[in-house]
Amino acid sequence: MDTPSGKTVLSGIQPSGSLHLGNYLGALKQWVELQESNTVYYCIVDLHAITVPYEPTEYQSRVLDATAGLLAVGIDPERSTLFAQSQVPAHTELNWLLSTTTPLGELERMTQFKDKQAKQREKSSLGLFAYPVLQAADILLYQAHAVPVGEDQVQHIELARDIAKRFNNRYAKIFTLPEAYVPKGAARIKSLTDPTKKMSKSDESEKSYIALMDEPEVIRKKIMSAVTETEPVFSFTDSGPAVQNLLQIFAAVSGETHEAIEKQFAGSAYKTFKEALADVVIAQLTPIRERYQELRADENKLKEVLATGREQAAAIANPTLAAAKEAMGFLV
Ligand code: AQP
């Protein structure tokens with residue numbers, strides 16, 4: 001779909017680790033732009049993130065880290081409803097209602113489940129399997145038209161649309177049919193240690209990702225040690241996947257064209273290119289890290305932002321839930 005304007009937009013992020021450059025270039029930058037001309041709901045999906053192993057004693061802290069991170073990149077609570085999923089109980093209630101009309105076969109086809117299950121083997125839970133139904137509830141409660149996501153999530157949004165259609169046909173036309181919005185300029189950033197995998201918060205190796213809060217010298221070290229192919233060829237089409245990924249990061253961060261970047265580094269050594277890449281990444285992330293440190297130091301303020309977001313979210317979600325329950329024949 002085209003860039004939404006005048007629409008209701010919802011997206012979520014898991015508090016499953018440090019926000020990284022992949023999250024920023026692939027999602028959060030667009031979230032900031034979308035708040036300009038849409039009604040936006042940004043949700044820290046803490047109920048989703050517990051579908052894989054996590055540490056309860058650190059979890060509140062992770063949610064506050066994510067809140068500070070979103071504010072630091074430019075999510076503005078005056079223009080966005082920013083809230084934690086677990087603080088709006090309508091999400092779990094609608095999840096149950098929708099789960100009763102979602103065929104198992106549709107969930108079995110979800111590739112994220114297959115991937116994550118393969119990592120956890122016998123330990124994977126019903127929650128991990130049912131994840132896309134909760135995601136559908138997140139979206140449908142706010143009557144979202146557009147859901148900005150990466151390619152990997154398109155399948156889930158299509159499922160949410162099918163769930164909404166089925167509900168509307170079976171009971172009453174309650175839900176808006178959502179569409180995935182995959183921003184055209186959004187980069188898919190790969191791991192710095194293995195370019196066949198995406199950059200991911202939950203990667204065991206900290207060297208594989210650049211956290212938005214990494215200090216400049218840490219960023220430089222990670223970039224200087226990022227894997228590359230043997231020959232230094234700087235081409236968006238002809239380099240190997242490791243260098244293409246680094247070029248992609250350079251383009252997304254600097255805003256320069258592919259041609260200009262290829263020309264700038266033609267004949268350079270990897271060291272020269274990586275130094276320049278580290279410079280642009282550090283320049284972009286330093287103000288974000290500084291804002292983050294300031295915001296993260298005031299937990300009461302962060303909790304206040306979430307409390308306001310929770311009220312605003314519940315004011316929309318609760319009437320939608322009530323309408324769905326009524327249509328299903330419940331006393332409300
Ligand atoms: N490497 C990436 N490149 C571009 N976009 C990315 N996103 C994630 N990784 C990259 C986008 O960030 C948004 C929020 O993602 P999420 O937190 O819901 O979960 P995720 O996609 O599973 O991200 P991670 O970092 O890989 O988390 P873990 O390790 O916990 O599974 C989404 O829009 C996503 O597309």
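Is His91 buried or exposed? His91 is buried, because its relative accessible area is 0%, and under 20% counts as buried. This is a predicted model, so please read every value below as computed from predicted coordinates. The briefing starts with the ligand, which sits in the largest pocket, moves on to the parallel strands E1, E2 and E3, and ends with a few individual residues.

**The ligand and its surroundings**

- The ligand has 20 residues around it, and those that come nearest are Ser16, Ile189, Ser200, Lys201 and Ser202.
- Ser16 also makes a polar approach: an N or O atom in its side chain is 2.6 Å from an oxygen atom of the ligand.
- For the side chain of Lys198, the corresponding distance from an N or O atom to a ligand oxygen is 2.7 Å.
- Asn23 offers a side-chain N or O atom too, and here the distance to an oxygen atom of the ligand is 3.1 Å.
- How much of the ligand does the protein bury? On its own the ligand exposes 640 Å², and the protein buries 94% of that area.
- Strand E1 (8–13) and helix H1 (21–34) each bring at least two residues to the shell around the ligand.
- Helix H1 gives the most to that shell, with 4 residues.

**Strands E1, E2 and E3**

- Strands E1 and E2 run parallel and are joined by 6 bridges.
- One pairing to look for in the structure is Thr8 with its bridge partner in E2, Thr39.
- E2 (residues 39–44) also runs parallel to E3, and 5 bridges join these two strands.
- Here you can follow Tyr41, whose bridge partner in E3 is Thr81.
- Why is E2 described as largely enclosed by the rest of the structure? The reason is that 5 of the 6 residues of E2 are buried.
- Strand E3 (residues 80–84) is mostly covered as well, with 5 of its 5 residues buried.
- On one side of E3 the buried residues are Ser80, Leu82 and Ala84, while Thr81 and Phe83 are buried on the other, which leaves both faces covered.
- Thr81 therefore appears twice in this picture, because it is the bridge partner of Tyr41 and is also among the buried residues of E3, where buried means under 20% relative accessible area.

**His91 and its contact**

- His91, the residue we opened with, is found in helix H4 (residues 90–99).
- The side chain of His91 is joined to that of Tyr142 by a polar contact of 2.9 Å.

**Gln143, a residue with positive phi**

- Gln143 has its place in the loop between helix H7 (126–140) and strand E4 (146–148).
- What is the phi of Gln143 near? It is near 55°, a positive value in a residue other than glycine.
- For background, most residues other than glycine have a negative phi.
- Gln143 counts as partly exposed because its relative accessible area is 22%, which falls between the cut-offs of 20% and 50%.

**Asn168**

- Asn168 lies in helix H8 (residues 154–170).
- With a relative accessibility of 12%, Asn168 counts as buried, because that value is under 20%.
- Asn168 and Ser86 are 82 residues apart along the chain, and their C-alpha atoms are separated by 26 Å.

Conventions
Residues numbered from 1 in each chain as written. Predicted model: local features only at pLDDT ≥ 70, side-chain atom pairs only at ≥ 80, totals over all residues. Heavy atoms only, no water. Buried < 20%, exposed > 50% of the residue type's maximum accessible area, 1.4 Å probe, protein only. Pairing = 2+ DSSP bridges. Near = heavy atom within 4 Å. Polar contact = N/O pair within 3.5 Å; in protein donor to acceptor, adjacent residues only side chain to side chain. Areas by Shrake-Rupley, 256 points an atom, 1.4 Å probe, with all protein chains shown as cover. 1 Å grid on protein atoms, 1.4 Å probe; cavity = no way out; pocket = protein on both sides within 12 Å on 5 of 7 lines; lining within 4 Å. Sits in = over half its atoms within 2 Å of the grid points.
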